[in-house]
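Subject: Structure for you to look over

Dear colleague,

I am handing over the structure we spoke about, and my notes on what was found in it follow below. Please read them with the structure open beside you.

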Amino acid sequence: MRGARADMAAALCGGARGRLLWWLLAAAALAPRPARALIEGLYCGRQVCYDVLGVSRAAGKAEIARAYRQLARQYHPDRHRGEPAGPGGETLQTAHEKFLLIATAYETLKDEETRKDYDYMLDHPEEYYSHYYHYYSRRLAPKVDVRIVILVTVCAISVFQFFSWWSSYNEAINYLATVPKYRIQASEIAKQQGLLNRAKEKGKNRRSKEEIREEEEEVIKDIIKNKIDIKGGYQKPKIYDILLFQILLAPFYLCKYIAWYCWWIYCFNIKGREYGEEEKLYIIRRYMKMSQSQFDSLEDNQKETFLERQLWIRENYEVYKQEQEEELKKKMAMDPRWKRYRRWMRNEGPGRLTFIDD
């Protein structure tokens, strides 16, 4: 009985030691492994960059550059191109590898920031992952200044924006030149100004009908450009509306808005001054959630209607909004296309399952 107890105690003691040994092994496996000072794949690999160039860590830029030029001339592959192979048959290959190693060492030590990271790696070899991060973050960093990239991008967008607006404006002019109402008016103005010269030409100055027609077309388009004020998305582009100028003038616009807002608060909230026509139209535009260009594209009689109905007052605008919604519903109810759509949705819409017999 006593012997059995002794065996049991020894087994428990052995089990405790085994568990302790297992925990120690697990902790050693999970602990971060110590890194060596020289890591393969970083900088000069297993060799010290200073030793590759034959300089000390206190060497300056001039000494490093002088050592690099001497070694580069000595191990340049072109100097070994015609020489016979040595016993290992790797004379040219060895010179090429040595030259690449010298170039890597010089690229590492000539830059102050890279050299600082390399010295830190030599002094703190235990920070294994930190060395990888600093090395690849510098290698993969963009070589071009980000500010230059942003400037070039903004300029490219601005140029595209300006020419796109000009294209839309010319399309609008070409369309208006085909509308009979505007074309007849432009032709009458051109005749009054003597721009449409229909006198017969003789001799060498005689032009073909196609040339005369093209000239008349250009005259009509020029009159339309000068007489018609196009608003909205097809208005004549302005250089100050492009992205580049908007960014440059953003501080000015911000200060202008702050000054205007303070003036608004002082005049209408503090002193209680009545709104003028411009201020009334501004409030109406804000209620309608329209941009300035969209509001400017409205007809003058519509703006007069807004003022007559006093839509700058919130209650009047809500009534006007409700009336517009009801009117839109009536128009949709009377529209034949809307009726056909509702009939289709009721009879053959997506909620109906039918079989088609061939």
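Over residues 148-166 the chain is 100% helix and 0% strand, with the end C-alpha atoms 27 Å apart. Please keep in mind throughout that this is a predicted model. The span just described is one that UniProt, in an unreviewed entry, gives as a "transmembrane region", and the same record places that feature at residues 242-266 as well. In the model, residues 242-266 are 92% helix and 0% strand, and the C-alpha atoms at the two ends of that span lie 33 Å apart.

The other part of these notes concerns charged side chains, since the structure holds nine salt bridges. I describe some of them here, beginning with pairs that join separate helices.

The side chains of Glu112 and Lys61 meet in a salt bridge, with a distance of 3.8 Å from N to O. This pair links distant parts of the chain, as Glu112 belongs to helix H5 (residues 112-123) and Lys61 to helix H3 (residues 61-75), and the two are 51 residues apart. Glu112 is partly exposed, with a relative accessible area of 45%, and Lys61 also counts as partly exposed, at 49% relative accessibility.

Arg183 forms a salt bridge with Glu217, and the closest N and O atoms of that pair are 2.9 Å apart. Because Arg183 lies in helix H8 (residues 180-192) and Glu217 in helix H9 (residues 209-227), the pair ties together parts that are 34 residues apart in sequence. Arg183 is partly exposed, with a relative accessible area of 28%, and Glu217 is likewise partly exposed, with a value of 22%; as buried means under 20% relative accessible area, Glu217 does not count as buried.

A further salt bridge, between the side chains of Glu318 and Arg314, has an N to O distance of 3.4 Å. Here both residues sit in helix H15 (residues 314-334), and because they are four residues apart in that helix, about one helical turn separates them. Glu318 counts as partly exposed at 37% relative accessibility, while Arg314 is partly exposed with a relative accessible area of 40%.

Finally, which residues are linked in a network of salt bridges? They are Arg57, Asp119 and Asp123.

With best regards

Definitions and conventions. Residues are numbered from 1 along each chain as its sequence is written. This is a predicted model: local features need pLDDT of at least 70, side-chain atom pairs count only at pLDDT 80 or more; totals for chains, interfaces and linings use all residues. Side-chain values use heavy atoms; hydrogens and water are left out. A salt bridge is a side-chain nitrogen of Lys or Arg within 4 Å of a carboxyl oxygen of Asp or Glu. Buried means under 20% relative accessible area, exposed over 50%, partly exposed in between (1.4 Å probe, protein chains only). UniProt positions are given in the numbering used here, feature names are shortened, and annotations may be inferred rather than shown by experiment.
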